[in-house]
Amino acid sequence: MNYRALTHEDIGVFSEAISAFFLNMTHEPAAVRTAYILDGTPAPLWGDFNGVIDVSGGFRGSITFSAPYGMLSRVLEAIGEREHSIDRCLDVVGEIANMMSGRARRHFGEELA
């Protein structure tokens with residue numbers, strides 16, 4: 001199967017998704033750093049918590065969001081959550097990864113499964 005290469009505009013979908021999430025949840029803009037396209041399996045994980053959603057169709061790989069505990073604690077505080085347990089952090093990371101995946105599916109359409 002031939003896979004489509006991502007463009008600069010495609011990568012912007014992920015940065016916009018993260019920015020929208022943090023603005024909506026914390027009412028503060030996020031500082032989004034460079035997005036990385038990595039060729040490797042499995043995706044490297046950098047933070048204490050990781051949300052990974054595998055994709056297929058016209059693409060192969062995964063949508064991954066990694067974050068340290070401190071960052072997730074700040075998100076939980078901003079939304080009024082007092083419990084900063086591992087389970088709550090996993091919920092936040094999963095929610096962010098799912099939101100990114102949903103935005104990507106809207107952007108790429110049937111190419112992304």
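Three salt bridges are present in the structure, which is a predicted model. R88 pairs with E81, with the closest N and O atoms 3.5 Å apart. A salt bridge also joins R88 to E83, and here the closest N and O atoms lie 3.7 Å apart. R88 further forms a salt bridge with D91, for which the corresponding N and O separation is 3.8 Å. Through these contacts E81, E83, R88 and D91 are linked in a network of salt bridges.

Two members of the network, R88 and D91, belong to helix α3, which spans residues 86–108. R88 and D91 are three residues apart, about one turn of the helix.

Solvent accessibility was computed for each residue of the network. R88 has a relative accessibility of 32% and is therefore classed as partly exposed. E81, with a relative accessible area of 26%, is partly exposed. E83 is likewise partly exposed, at 38%. For D91 the relative accessibility is 45%; because this value falls short of the cut-off for exposed residues, which is over 50%, D91 counts as partly exposed.

A further acidic residue, E9, is located in helix α1, which comprises residues 8–26. The relative accessible area of E9 is 55%, so E9 is assigned as exposed. The C-alpha atom of E9 is separated by 9.9 Å from that of H107, although E9 and H107 are 98 residues apart along the chain.

Methods
Residues numbered from 1 in each chain as written. Predicted model: local features only at pLDDT ≥ 70, side-chain atom pairs only at ≥ 80, totals over all residues. Heavy atoms only, no water. Helix = DSSP H or I, 4+ residues; strand = E, 2+ residues; numbered from the N terminus. Buried < 20%, exposed > 50% of the residue type's maximum accessible area, 1.4 Å probe, protein only. Salt bridge = Lys/Arg side-chain N within 4 Å of Asp/Glu carboxyl O.
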